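Below are some notes on the model you sent, set out as numbered points.

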Amino acid sequence: MKLVFNEINKNFELGIEITCVLGQVSTLMLALANKHESIDDEERLNATYLLSGILLDVASTLDDYAALKDTKATKEQRK
């Protein structure tokens, strides 16, 4: 799985997208922490893998974002 953040390609603004994703991650984490009876162990494990993948994608995107910002800043300084 790979999350795609559209705004990174348009204007280097990720605030809205990252905030939404982290809000959803938080909601899922709370549901898992409450150990609701409708969530069995297999579903909990699958959700844990999903959360891990999402957090890795967010970290990777933020790393890409920082690199793009640096590149953009360097190009503007050269002008």
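**Notes on the predicted model**

1. Leu55 is partly exposed, at a relative accessible area of 41%. This residue belongs to helix α3. Once neighbours within four places in sequence are set aside, Leu55 is in contact with Leu22 and Val25. Leu55 and Val25 are 30 residues apart along the chain, yet their C-alpha atoms are separated by 8.5 Å. Leu55 falls between the two cut-offs, under 20% for buried and over 50% for exposed, and therefore counts as partly exposed at 41%.

2. The coordinates are a prediction, and confidence varies along the chain. Mean pLDDT is 78 for the chain, with 80% of residues reaching 70 or more. The lowest mean, 55, belongs to helix α1 (residues 7–10), and the highest, 84, to helix α3 (residues 41–78). Where pLDDT is low, predicted coordinates should not be read in detail.

3. What does the secondary structure come to? The chain has three helices and zero strands, and from the N terminus on the order is α-α-α. Among contacts in the chain with a separation of 6 or more, 60% are between residues 24 or more positions apart.

4. The length of α3 can be checked. At 1.5 Å a residue, its 38 residues should span 56 Å, and the end C-alpha atoms are 56 Å apart, so the two values agree. At the N-terminal end of α3, Asp40 acts as a cap, with a side-chain oxygen 3.1 Å from the backbone nitrogen of Glu42.

5. Which residues make up the largest nonpolar core? There are nine: Ile18, Val21, Val25, Leu32, Ile39, Ala47, Leu51, Ile54 and Val58. Helices α2 (15–33) and α3 each supply at least two residues of this core. One of the core residues, Ala47, is in contact with Leu28 and Leu32, leaving aside neighbours within four places in sequence. In soluble globular proteins, nonpolar side chains tend to be buried together.

6. Which residues of α3 are buried? They are Arg44, Ala47, Leu51, Gly53, Ile54, Asp57, Val58, Thr61 and Tyr65. This list includes Arg44 and Asp57, as well as core members such as Leu51 and Ile54.

7. For the chain as a whole, 24% of the 79 residues count as buried. The exposed area is about 6,100 Å², and carbon and sulfur atoms supply 57% of that area.

Terms used: Residues are numbered from 1 along each chain as its sequence is written. Side-chain values use heavy atoms; hydrogens and water are left out. Helices (H or I, at least four residues) and strands (E, at least two) are DSSP runs, numbered from the N terminus. Buried means under 20% relative accessible area, exposed over 50%, partly exposed in between (1.4 Å probe, protein chains only). Contact means heavy atoms within 4.5 Å. Accessible areas come from the Shrake-Rupley method with a 1.4 Å probe; for residues, only the protein chains shown count as cover. pLDDT is the predictor's confidence in each residue, from 0 to 100. A nonpolar core is a set of buried Ala, Val, Leu, Ile, Met, Phe, Trp, Tyr and Cys residues joined through side-chain atoms within 4.5 Å. The expected span of a helix is 1.5 Å times one less than its number of residues. A polar contact is a pair of N or O atoms within 3.5 Å; within protein, one must be able to donate a hydrogen and the other to accept it, and residues adjacent in sequence count only if both atoms are side-chain atoms.
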